[in-house]
Amino acid sequence: MNKTIIISNRLPLQVKLENDELTIKPSVGGLATGMRSVHTEGNGIWVGWSGVTEEELTPELSEKVQEAITREKCVSVPLNRQDVEDFYFGFSNKALWPLFHYFLEYAEFDKDQWESYKEVNQKFADVVIENIEDGDTVWVHDYQLLLLPKLIKDKKPNTSIGFFLHIPYPSYEIFRVFPWREELLHGMLGADLLGFHTYDYERHFLSSVKRLLKLEVNFNEISYHDRIVKVDSFPMGIDYQKFHNAALKHEQRSPNEKTEFHRRLEDHIESSPDAKIILSIDRLDYTKGIPNRIKAFEFFLDKYPQYREKVRLVMLAVPSRSNVDTYQKLKRETDELVGRINGKFATVSWTPIWYFYRSMPFGNLIDLYTSADVALITPLRDGMNLVAKEYIATRVNNDGVLILSEMAGASIEMSEAILINPTSYEEIADAIKKAIEMPLEEQKTRNHILQKRLARYSVEKWAEEFFKSLNATKTIKEAIVAKKLEKHLKDKIISEYHNADKKLLLLDYDGTLVGFKNNPQDASPDDLLITLLDNLNQNENTDIVIISGRDRETLSKWLGGNGYNLITDHGVWLKHAHKDWEPLERIKKDWMDKILPVLETFVDRTPGTFIEKKNYSLAWHYRKADPELAQRRTVELNTVLTHLISNNELSVLEGNKVVEIKSSNVNKGRAATRFLTDKNYDFIMAIGDDWTDEYMFEELPENAKTVKVGFKNTKAKYYLKDTSEVRTLLNQLVS
Ligand SMILES: O=P(O)(O)OC[C@H]1O[C@H](O[C@H]2O[C@H](CO)[C@@H](O)[C@H](O)[C@H]2O)[C@H](O)[C@@H](O)[C@@H]1O
Ligand SMILES: O=c1ccn([C@@H]2O[C@H](COP(=O)(O)OP(=O)(O)O)[C@@H](O)[C@H]2O)c(=O)[nH]1
């Protein structure tokens, strides 16, 4: 049976060794808690690091760890102390984590740690490859493993690979700072589907891909070598029923079923029974905005003194990455702040901040969630933030107020919460007041909507949607594979060609016979191409037609003396071999005076673009421009042109990084069909790469072999990857 392999840095269970004692606990953090439910329900294995280094494990301990891991359907990737130091505490948490969370000032880019990051990604790849069987699906998680999709794809090209990023993907302006940025993007593009929590992260990623790798992106699909990589947003949910049911049980339990922690919590509450509880829970991480939150709470108590002794901030900070100095500093800062503020405001019967620095088992988390009147969640940046969702899920009576930072991915789906900017003490203080004073009816209305959404889009649903989308990429892949000119299809075409009596080869020029250059005039034919076309032209009963959007002058200069047939200007001019040019169409050019000034304003406003004036058309090229600006300008230009062109005389063609305006009655399909009438061809092959060639593919007779260069949507019957594959095929036709 096919299985799913989940891969993340951490396994859902964390092994710790303290004083030679082995403890095995569930891992903390959104990724592990969220994916745990997906893993237990499904059929498959989870590959990750156990939490202990190779050096720590004696053979005896190793056996115990192995047992526990296997019981949980997990496979561990052995990491040594140096790996953990350089790959995990080092590169992952000192370079990628701060950079992706916009903390540029904390990001350190150390070459040795980068090397370790690559090596450890390879170690993960080795374990995964050992465990993969044909038909398995792989789901890679998070920033620690950005290179892994490519490492797996290179070895197992037929495996379906999904990747999900749990943290924000930063804006291009931040990402471009990263020294090994291209390598990282290529690593991710090994996946067939890339998932992000929000649309913003998705569009930031696409922006990096377009600008740094100059790849073609069509909505959310990236053309990458011979594959299409799909990108989409999937906001991660929680195991709603688990939290909701636990809270219900919590309500119904008898006093002697209460946990020790809950009894202490109740004692505390009783010490000032009217005080509202404001709760915050997070890993102690600088992205979570903990000092800001404490200072904003101080600001609140100063601004609204009537609430002193009427509120209490219960703050759970879970130890995290404590080997990293920024985290150690944060710990000191938090301790000091809590101490100072408690010192400033505390009375005999009231301590404003009740602070825990530890992790809590599930039952105690439920105690906290259900006791809190308000949840105050104020990260400066957060991929999603599951705590916000868990708090709402536990509100079984629909009361309680969530105050949530707009910098958390969760805020996109939780607009019924009170959303705040976490850097504004004023906003946070006012939000606390609003929350405390919010009428019960309003609390219920807001929570009801939130709960309905969370219950529907649970973590199971999230995983299901992701897999559905990953499976759909198989269909795209299969469509490409079916049309790819593999050897057996090629051999068939070659043999049909040799057996035919009258053969016609219609060959587009740019992007088909030669690659693109920034300046179109630099794309002249090289000697190898001329030799190839000359040899082909000597084949008996073969007519070669170079059919191009290029103007007559350029193609005359480059190929005019070589005895091939030429069709230029998308079909305005025809030159039969060794004969003079003849017009295929009679067309007007007076429209150009009206359109040219418009295009010039687009050139002025879009750096890197220019106009190519052809005899019968005007082309606006944007190959060198910022791809996103160019995309926007293209839409704008199309709108402007639609208003200017009042009848059907002109058409606007979008080619490869070019918009071309030309007479409507001219296109390569019409020109090719005209050429066909010369002889009774029994073998026709047309090869082209862009949109303008689609006319040709569409209008040629059914038995024509139509070939698209590049794996884009097409009417053609076959695909070739690039110009070099085109040349190889043509070489094989030479007798
Ligand atoms: O493994 P650690 O270094 O101890 O860190 C814990 C996890 O923190 C991060 O969680 C993220 O995933 C959550 C779920 O998608 C999301 O809600 C949160 O905003 C993220 O920060 C990290 O991404 C994981 O890899 C860590 O395991
Ligand atoms: O003592 C604790 C505190 C928190 N959590 C869990 O840790 C996760 C935190 O995820 P979140 O997305 O809020 O942030 P992350 O830590 O992943 O950045 C939530 O599922 C919490 O229930 C936990 O298991 N034990």
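Among contacts in the protein chain between residues at least 6 apart in sequence, those that join residues at least 24 apart account for 71%. This value, like the others below, comes from a predicted model. The protein chain has 735 residues, and buried residues make up 43% of them. Its secondary structure consists of 25 helices and 29 strands. Taken along the principal axes, the C-alpha atoms occupy a box of roughly 105 × 65 × 45 Å.

The chain is divided into domain 1 (4-233), domain 2 (240-456), domain 3 (484-585 + 666-733) and domain 4 (592-662). Between domain 1 and domain 2, the C-alpha centres are 30 Å apart. To the contact between these two domains, domain 1 contributes 18 residues and domain 2 contributes 16 residues. On the side of domain 1 that touches domain 2, H1 and helix H3 (81-100) each supply at least two residues. H1 gives the most to that side, with four residues. Sorted by class, the side of domain 1 that touches domain 2 has seven nonpolar residues, 10 polar residues and one charged residue.

Helix H1 is also a good place to pick up the story of ligand 1. Around ligand 1 there are 18 residues, of which Gly-29, Gly-30, His-166, Gly-383 and Met-384 come nearest. At least two residues of this shell are supplied by each of strand S1 (4-10) and helix H1 (30-41). The largest share comes from H1, which provides four residues of the shell around ligand 1. Both domain 1 and domain 2 take part, each with at least three residues in the shell around ligand 1. The class make-up of the shell around ligand 1 is eight polar, six nonpolar and four charged residues.

Ligand 2 can be described in the same terms. It is surrounded by 15 residues, and the closest are Gly-30, Thr-33, Ser-359, Met-360 and Leu-386. Gly-30 thus appears among the nearest residues of ligand 1 and among the closest residues of ligand 2. H1, strand S12 (276-283) and helix H14 (386-393) each supply at least two residues of the shell around ligand 2. Here H14 gives the most, with three residues, whereas in the shell around ligand 1 the largest share comes from H1. Domain 1 and domain 2 again each provide at least three residues, this time to the shell around ligand 2. By class, the shell around ligand 2 has eight nonpolar, five polar and two charged residues.

Finally, a single residue, Arg-308, offers a local view. Arg-308 sits in the loop between helix H11 (290-303) and strand S13 (311-318). Arg-308 counts as partly exposed because it has 16 C-beta neighbours inside 10 Å, a number between the limits of 12 or fewer for exposed and 20 or more for buried. Once neighbours within four places in sequence are left aside, Arg-308 is in contact with Leu-301 and Phe-345. Between Arg-308 and Val-138, the C-alpha to C-alpha distance is 53 Å, and the separation in sequence is 170 residues.

Terms used
Residues are numbered from 1 along each chain as its sequence is written. Chains are lettered from A and ligands numbered from 1 in the order in which they are written. This is a predicted model: local features need pLDDT of at least 70, side-chain atom pairs count only at pLDDT 80 or more; totals for chains, interfaces and linings use all residues. A residue is near a molecule or strand if its C-beta atom, placed from the backbone, lies within 6 Å of it. Ala, Val, Leu, Ile, Met, Phe, Trp, Tyr, Cys and Pro count as nonpolar, Asp, Glu, Lys and Arg as charged, and the others, Gly among them, as polar. Domain bounds come from an automatic or database domain assignment. Two residues are in contact if their C-beta atoms, placed from the backbone, lie within 7 Å.
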